[in-house]
Amino acid sequence: MPTTTAMRTLDEHRAASLALAAPLPTVVVGLPDALGHVLAQDVRTDEPLPRWDNSAMDGYAVRADDVRDASDATPVTLRVVADLPAGSSGRPVVEPGTAARIMTGAPVPPGADAVVPVEDTDAGTTTVEVRASKAVGQHVRRAGEDAVPGDLVVAAGTLLGPAHVAAVASVGVAQVAVHRRPRVAVISTGDELVTPGTTLAHGQIPDSNSWLLAAAVREAGGEAMRLGPVGDDPDALRDLLHGLDGGVDAIVTSGGVSVGAFDVVKAALLDEPDVVFVPVAVQPGKPQGLGRLPGGTPVFALPGNPVSSFVSFELFVRPALLRMRGLTDVERPTTTAVVDDGWRTPPGRAQVMPVRFVAPAASGAGARTPTHPHVVRATAGGSGSHLVARLALAEGLAIVPPDTQVAAGDLVTVLRVAP
Ligand SMILES: Nc1nc2c(c(=O)[nH]1)N[C@H]1C(S)=C(S)[C@@H](COP(=O)(O)OP(=O)(O)OC[C@H]3O[C@@H](n4cnc5c(N)ncnc54)[C@H](O)[C@@H]3O)O[C@H]1N2
Ligand code: MOO
């Protein structure tokens, strides 16, 4: 275990974390399971979309020439030769002087070149009185106007949302190759931790980090396997980690990485040549462990303070998991915001301050510019790394560079973390 006291910058540790991740192998999934996966193949259409000219309205397929002079005052009567609901396979020919009753989506029959909506007729079934003229092509959805054969419908690398699934289905594709979701083991450590709901002895607290991190894994599109809390026994933890190595795509631990007498994660990984424990110049989130187990599984050993765990996951683990899913854009959306309350920053470290958005009118600092949202610290306690209950108020994380003071009215970069 290389342990170093030389500080890494936030960006250096982010890069090292991301370097552990590569897109996971692909699997083939059916449409019911496609949502939320990242497509690993291009999906193209073999056919034009729409496949044939079809009606945009419920009404009558006609020859535009027949109804050229039709109006309320001079209706034109046509003989109805067919009924064409959507899905109809009939192909009656619409000769001059005739019409076919047609429903939205049904193929326009041969001979017809326009559709008269039912509202412009007397809705007749044997003959129909047409009371408005229609141009050639009116109310007809043309074959190929959406896509032509060979067109790319959904590109490899796309995170599949509902509209993408619909596009895949619309070209008649039932299965697609996607990147597998990362399976992530989440382990919280510490003798003081008990499962929430258990009666607490003095000195004990409910484990919240494993719930935090498992939820964060799922929110990042991974499959979380929540283990623990496990106690401060390095041998037991080492066995657990080695048992997981190779069977999961990543391991995230919380706690036991500082300089205390019982830092179990550090102790368990003592002999791992490819895991490093290093201080990172960020507050919260300073003590970090990172690397690979012998079987190649990336391990992210995060500090145990709950806000530190949350911030560390956001900064270091989440981007890696997104990359494993096959995404190239692995960053949270950021916004530049006006700070309405100043705060103190620690020397020599970047600061990550949980913030919430406020209406400019409610702010003390006044609107600096109407285009920037305004933020205040999520709680008066600021970035105190133990403030787990108040963390729930955070909608964003303000990233303040090292040795930068923050005064009311200053602009900061905010990672948007609330859904
Ligand atoms: N002498 C020093 N002490 C500490 C330093 C230091 O540089 N010198 N760094 C501090 C910083 S910064 C952090 S962050 C913490 C990190 O410590 P650990 O990762 O070893 O975390 P623990 O000691 O296990 O726990 C810290 C804190 O968090 C609570 N905790 C832990 N796990 C959970 C959980 N699953 N759910 C809820 N709460 C949890 C734990 O009870 C402690 O209160 O070290 C500082 N100390
Ligand atoms: O860096 Mo620790 O993460 O301040 O609380």
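**Exercise 1. Strand pairing around E19**

Determine how strand E17 (residues 275-279) is joined to E19, and in which sense the two run.

*Solution.* Step 1: in this predicted model, E17 and E19 are joined by five bridges and run antiparallel. Step 2: a specific pair fixes the register, since valine 275 has glycine 291 of E19 as its bridge partner. Step 3: E19 also pairs with strand E20 (residues 298-302), in the antiparallel sense and over four bridges. Here glycine 289 stands opposite alanine 301 in E20. Step 4: the connection between E19 and E20 is a hairpin with five residues between the strands. In its turn, glycine 296 has a positive phi of about 100°.

**Exercise 2. Environment of E19**

Decide whether strand E19 (residues 287-292) is largely enclosed by the rest of the structure or not, and give the reason.

*Solution.* Step 1: a residue counts as buried if 20 or more other C-beta atoms lie within 10 Å of its own. Step 2: five of the six residues of E19 are buried. Step 3: the strand is therefore largely enclosed by the rest of the structure.

**Exercise 3. The two sides of helix H2**

Identify which residues of helix H2 (residues 162-170) are buried, and establish how they are arranged around the axis.

*Solution.* Step 1: the buried residues include His164, Ala167 and Val168. Step 2: these three cover an arc of only 100° around the axis, which puts them on the same side of H2. Step 3: the spacing can be set against helix geometry. An α-helix has 3.6 residues a turn, so residues three or four places apart point the same way. Step 4: on the other side of H2, Pro162, Ala163, Ala166 and Ala169 are exposed.

**Exercise 4. A contact distant in sequence**

State whether alanine 6 is buried or exposed, and find the separation of its C-alpha atom from that of valine 278.

*Solution.* Step 1: alanine 6 belongs to the segment before helix H1 (10-18). Step 2: with 6 other C-beta atoms within 10 Å, alanine 6 is exposed; the cut-off for this class is 12 or fewer. Step 3: alanine 6 and valine 278 are 272 residues apart along the chain, and their C-alpha atoms are separated by 7.2 Å.

**Exercise 5. The partners of E23**

Compare the senses in which strand E23 (residues 374-377) pairs with E21 and with E22.

*Solution.* Step 1: strand E21 (residues 334-339) pairs with E23 in the parallel sense over two bridges. Valine 338 has histidine 374 of E23 as its bridge partner. Step 2: strand E22 (residues 350-358) pairs with E23 in the antiparallel sense over four bridges. Phenylalanine 357 is matched with valine 375 of E23.

**Exercise 6. The ligand shells**

Describe the residues around ligand 1 and ligand 2, by identity and by class.

*Solution.* Step 1: ligand 1 has 27 residues around it, of which Ser188, Asn209, Gly255, Ser258 and Gly304 come nearest. Step 2: helix H3 (209-219) and helix H6 (306-324) each supply at least two residues of this shell. Step 3: by class, the shell of ligand 1 comprises nine nonpolar, 14 polar and four charged residues. Step 4: around ligand 2 lie Gln283, Pro284, Gly285, Lys286, Pro303, Asn305, Ser308 and Ser385. Their classes are two nonpolar, five polar and one charged.

**Exercise 7. Annotation and confidence**

Report what UniProt lists for residues 185-323, and which confidence values accompany the model.

*Solution.* Step 1: the unreviewed UniProt entry lists these residues as "domain: MoaB/Mog". Step 2: over residues 185-323 the chain is 32% helix and 29% strand, with its end C-alpha atoms 17 Å apart. Step 3: the chain has a mean pLDDT of 93, and 96% of its residues reach 70 or more. Step 4: for the complex, the predictor gives an ipTM of 0.97 and a pTM of 0.91.

Definitions and conventions. Residues are numbered from 1 along each chain as its sequence is written. Chains are lettered from A and ligands numbered from 1 in the order in which they are written. This is a predicted model: local features need pLDDT of at least 70, side-chain atom pairs count only at pLDDT 80 or more; totals for chains, interfaces and linings use all residues. Two strands pair if DSSP finds at least two bridges between them. UniProt positions are given in the numbering used here, feature names are shortened, and annotations may be inferred rather than shown by experiment. A residue is near a molecule or strand if its C-beta atom, placed from the backbone, lies within 6 Å of it. Ala, Val, Leu, Ile, Met, Phe, Trp, Tyr, Cys and Pro count as nonpolar, Asp, Glu, Lys and Arg as charged, and the others, Gly among them, as polar. pLDDT is the predictor's confidence in each residue, from 0 to 100. The arc is that of the directions from the helix axis to the C-beta atoms.
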